[in-house]
Amino acid sequence: VAIVQRYTTVLKSECRYEAHKKHFDIQYIAKGHETFGVAALKNDVYIEDNPKEDCYFYPMPDISSDINLNEGDLIVVSPDELHMPRIAYNNQPEDVIKVVVKIDIE
């Protein structure tokens with residue numbers, strides 16, 4: 001499944017870490033820039049879930065990294081990784097067009 005997303009990035013304080021149990025994400029930046037948080041999924045204690053969408057939200061991990069994604073970049077996220085998309089690059093919100101490909105593992 002491929003989904004085209006159009007949105008305006010937001011400050012990191014407005015974002016949440018998420019993970020998926022049933023698929024990998026391939027996220028491709030078609031237009032714009034964003035910062036993308038990543039962290040290892042060390043426990044399965046989520047704070048909110050949406051099983052229908054295979055989306056589970058987690059508290060801020062103790063250790064994480066931010067990756068700056070530019071137009072033309074992509075990132076692959078596995079089910080054992082937390083990720084926080086849509087962070088404003090250099091704290092400057094901007095419009096982004098992203099293609100997210102979801103690859104089922106079941």
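The legends below describe close-up views of a predicted model.

**Figure 1. Overall fold of the predicted model.** The protein contains ten strands and zero helices. In sequence order, the pattern reads β-β-β-β-β-β-β-β-β-β. The radius of gyration is 13 Å, close to the 13 Å given by the globule rule for 106 residues, so the protein is as compact as a globular protein of that length. Along the principal axes, the C-alpha atoms occupy a box of roughly 30 × 30 × 20 Å. Buried residues make up 36% of the 106 in the protein. Among contacts with a separation of 6 or more, 88% are between residues 24 or more positions apart.

**Figure 2. The largest nonpolar core.** Nine residues form this core: C15, Y17, A19, A39, Y56, Y58, L82, M84 and I87. At least two residues come from each of strand 2, strand 6 (55-58) and strand 9. The greatest contribution is that of strand 9, with three residues. A second, separate core has eight residues, including Y7, V38, I75 and V96. In soluble globular proteins, nonpolar side chains tend to be buried together.

**Figure 3. Surroundings of Y56, a member of the largest nonpolar core.** With neighbours within four places in sequence left aside, Y56 is in contact with Y17, E18, A19, K21, Y46, E48, D49 and P51. Two of these partners, Y17 and A19, also belong to the largest nonpolar core. The list further includes the charged residues E18, K21, E48 and D49.

**Figure 4. E18, a buried acidic residue without a salt bridge.** E18 is located in strand 2 (residues 17-19). The nearest side chain of opposite charge is that of K102, at 5.8 Å. A salt bridge requires a side-chain nitrogen of Lys or Arg within 4 Å of a carboxyl oxygen, so E18 has none. The side chain of E18 does make a polar contact of 3.4 Å with the side chain of H20. Apart from neighbours within four places in sequence, E18 is in contact with C55, Y56, F57, Y58, E81, L82, H83 and P85. Among these partners, Y56, Y58 and L82 are also members of the largest nonpolar core.

**Figure 5. R86, a non-glycine residue with positive phi.** The phi of R86 is about 75°. R86 belongs to strand 9 (residues 81-87). Its relative accessibility is 34%, so R86 counts as partly exposed. Strand 9 also supplies three residues to the largest nonpolar core.

**Figure 6. N91, a non-glycine residue with positive phi in a loop.** N91 has a phi of about 60°. The loop that holds N91 runs between strand 9 and strand 10 (95-104). N91 is exposed because its relative accessible area, 53%, is over the 50% cut-off.

**Figure 7. D80 in the loop between strand 8 and strand 9.** Strand 8, before this loop, covers residues 74-77. With neighbours within four places in sequence left aside, D80 is in contact with A40 and L41. P61 is 19 residues from D80 along the chain, and 13 Å separates the C-alpha atoms of D80 and P61.

Technical notes. Residues are numbered from 1 along each chain as its sequence is written. This is a predicted model: local features need pLDDT of at least 70, side-chain atom pairs count only at pLDDT 80 or more; totals for chains, interfaces and linings use all residues. Side-chain values use heavy atoms; hydrogens and water are left out. Helices (H or I, at least four residues) and strands (E, at least two) are DSSP runs, numbered from the N terminus. Buried means under 20% relative accessible area, exposed over 50%, partly exposed in between (1.4 Å probe, protein chains only). A polar contact is a pair of N or O atoms within 3.5 Å; within protein, one must be able to donate a hydrogen and the other to accept it, and residues adjacent in sequence count only if both atoms are side-chain atoms. Contact means heavy atoms within 4.5 Å. A nonpolar core is a set of buried Ala, Val, Leu, Ile, Met, Phe, Trp, Tyr and Cys residues joined through side-chain atoms within 4.5 Å. The radius of gyration is taken over C-alpha atoms; the globule rule is 2.2 Å times the number of residues to the power 0.38.
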